[in-house]
Amino acid sequence: MAEAQFRTPKGTHDILPDDHTYMTYLKKAVRHRCRQAGFKRIETPIFEKKDIFERTIGEHTDIVEKELFLVKSHHNKNDDDDDFALRPEFTASICRSYIEHGMQQLPQPVELYAIGPCFRHDRPQKGRYRQFNQFSLEVIGLSDPSLDAQLIHMLNKIFEDVRIRDRLTMQINNVGTAENREEYTSALKDFFIGKERNLPELDRKRLKTNPLRLLDSKEEDTQILLKSAPTLDQFIGEESKEYHNILLEFLDELGAEYVQNPNLVRGLDYYNQTVFEYWDIETKGKNAVGGGGRYDPLMEMLGGQPTPGLGFAGGMERIIWQMKQAGVQAPNKDHVDVFVAQLGPDAKKMCLALISELRDKGVHTLGALGEASLKSQMRLADKFKARYSLILGQMEVKEGVIILRDMEAGKQKKIPFDKAVPEIIKLLGPDKLDTYTLRDHMGE
Ligand code: AMP
C-alpha cells in the first residue's frame, strides 16, 4: 500500500463498507426495538454550549475536565460564554431540547432515541476513541421502577438481537438521592483524614473533587483502603431501597438477569437512584458496552422544571467488536445481481436505459460504461462477483438481441433484447428483488 500523505486524526477511524454492514445491522436492531416501544427519534446538534455539559455531567468528571472537544470560533475569541463543545454524549442535549421545545406539554413519559457520533478527547486505546458512535434511549417525565425495568428489558432484547447478550453481564446499583450521596461523601472524606498519604496521587485529587469516583478506582491501594471505609449502601434512604427492590422484582418477572454491584456509581453528576452498565464477562468494567440510569436532577441543572428522567447510552464500536468476537455475520445486501457490458456507441445508449430499468425493478445492477474491451469488462464482472452478465456488442444491437451469461455456470445464450429484464427477474426470483420504494413507507 502506498504511504498516505493524510490519515484520519488520532482516535478517529473511517467506517469502511465491510464494517458499515455491522453498523447498519445494529442501527436496525435499535430502531426496530424503539419503534415497537413507541420511542421517537430525535437529532440534536453535534455541538452545544459547553455549559450544558459542564452543568450536567459535572465539572469534576473526566468527561468535562479532560475530554471535552472545545469549538472556538474566530468571532468571539474573548467571549467565554459562547464557547461550544462537541457533544460527548446525548442525554444533556436531549434534555436541553425537551425544555426548549416545551415537551412537558406532551403526554408523559416522552420517549426519545438518538443515534450518532459523540466526541471525547481521551487518550486513544483499544475501545476508546475520540470520535465514536452512540445510541441513546431516554424516558423523560415519569419516575417508576417499572419504567427502569422496561428500559433494561428492551436493551436486553437489542443485545439478544445482535447476539451478544450472553457475552455480557448487566451490573446494577442504586446510588440514592443527592442528599444520600452528600452524606456519604462527607463520611468518606472523614474516613480518609490522615490516610490521604496512602492514596495514589490521582485518587487523592478525586477525594477532593469527586470522592464517589474512588469506589470504581482501578488502583489496588485505594481498593484495599476502601475495604474498611463506610459503604454507600449504608447511606441510601429507605425510599431508594424500596424503589430498588421493586425494580429487581420487575426484572425477575421479566426474566432479566442482573448482578447487584454496590460499587457501581457511574462517573456523571446527573445520576441518582438506578444506575446500570453492561460489562463484558471477561474484561468487566473496562470497555463497558453501555451504561445508563436515572437522572432526575438533570432538568433542574439546565434551568427546567423538576422532571424525572431515565436513559441509556450504548457504544456502537464496542458492541460491533463484541459481535465480531461472537462470530456474528452482519447481513450484507451489497451483492451484484447483474453486470451489464457493452461495446459501441449505440450499445452504450441502449444499456443506460436497460440498467435504469433493471435497477427500478429491484435488480442490483452495475454497468461498465467505459471504453474497455468486452473481455476486460467480463473480468470486472467476475471481480464484482456478479450473478449474471448481460452483454451487448455491435452485432447484438443489429440483431436486436443480448447475451445473457450465467457467471457461475459459465453458460450463455442469446435472448431478444426486450426480454432481458423479465428473464433476469424470472431467474432471480421475484422475492429476491430489492424493491424498496418510498411509497411503501408512506402507507399508500
Ligand atoms: P458513558 O456514558 O460514558 O458510560 O458512555 C456510554 C458508552 O459509550 C460506554 O459504555 C461505551 O460503550 C461508549 N463510549 C464512551 N466513551 C467512549 C470512547 N471514548 N470510545 C468508544 N466508546 C465509548
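Here are some short exercises, each with a worked solution, on the predicted model shown above.

Before you start, note that residues are numbered from 1 along each chain as its sequence is written, and that side-chain values use heavy atoms, with hydrogens and water left out. Because this is a predicted model, local features need pLDDT of at least 70 and side-chain atom pairs count only at pLDDT 80 or more, while totals for chains, interfaces and linings use all residues.

**Exercise 1. Find the domains and describe where domain 1 meets domain 2.**

Step 1. Start with the bounds, which come from an automatic or database domain assignment. Domain 1 covers 17–177 + 237–325, domain 2 covers 188–230, and domain 3 covers 338–432.

Step 2. Go from centre to centre: the C-alpha centres of domain 1 and domain 2 are 27 Å apart.

Step 3. Look for contacts, meaning heavy atoms within 4.5 Å. Eight residues of domain 1 touch seven residues of domain 2 in this way.

Step 4. Now take the buried area, which is the accessible area (1.4 Å probe) that two parts lose on being put together, summed over both. For domain 1 and domain 2 this comes to about 760 Å², with 51% of it on carbon and sulfur atoms. On the domain 1 side, His 60, Asn 263 and Val 265 supply 54% of the area buried against domain 2, more than any other three residues.

**Exercise 2. Which residues form the salt bridge between domain 1 and domain 2?**

Step 1. Recall the rule: a salt bridge is a side-chain nitrogen of Lys or Arg within 4 Å of a carboxyl oxygen of Asp or Glu. Side chains of opposite charge can pair when their charged atoms come close.

Step 2. Apply the rule between domain 1 and domain 2, and the count is one salt bridge. By class, the side of domain 1 that touches domain 2 has one nonpolar, four polar and three charged residues. Here Ala, Val, Leu, Ile, Met, Phe, Trp, Tyr, Cys and Pro count as nonpolar, Asp, Glu, Lys and Arg as charged, and the others, Gly among them, as polar.

Step 3. Name the partners: Arg 213 pairs with Asp 62, and their closest N and O atoms are 3.6 Å apart. Asp 62 lies in helix H3 (residues 62–65) and Arg 213 in the loop between helix H7 (201–209) and helix H8 (220–226), so the pair ties together parts that are 151 residues apart in sequence. Helices (H or I, at least four residues) and strands (E, at least two) are DSSP runs, numbered from the N terminus.

Step 4. Check accessibility, where buried means under 20% relative accessible area, exposed over 50%, and partly exposed in between (1.4 Å probe, protein chains only). Arg 213 is buried, at 13%.

**Exercise 3. Look at salt bridges elsewhere in the structure.**

Step 1. A search of the whole structure finds 20 salt bridges.

Step 2. Take Asp 51 and Arg 55, whose closest N and O atoms are 4.0 Å apart. They are four residues apart in helix H2 (residues 50–57), so about one helical turn separates them. Asp 51 is partly exposed at 39%, and Arg 55 is partly exposed at 49%.

Step 3. Next comes the salt bridge of Lys 361 and Glu 357, at 3.5 Å from N to O. Lys 361 is partly exposed at 37%, and Glu 357 is partly exposed at 36%.

Step 4. Finish with a network of salt bridges that links Glu 48, Arg 96 and Glu 100.

**Exercise 4. Is Glu 48 buried or exposed, and what surrounds it?**

Step 1. Locate Glu 48 in strand E2 (residues 47–49).

Step 2. Its relative accessible area is 6%, so Glu 48 is buried.

Step 3. Leaving aside neighbours within four places in sequence, Glu 48 is in contact with Phe 53, Phe 84, Ala 85, Ser 93 and Arg 96.

**Exercise 5. Place Phe 39 in its surroundings.**

Step 1. Phe 39 sits in the loop between helix H1 (17–36) and strand E1 (40–41).

Step 2. With 7% relative accessibility, Phe 39 counts as buried.

Step 3. Beyond its neighbours within four places in sequence, Phe 39 has contacts including Glu 111, Tyr 113, Leu 137 and Met 154. Phe 39 and Leu 137 are 98 residues apart in sequence, with their C-alpha atoms 8.1 Å apart in space.
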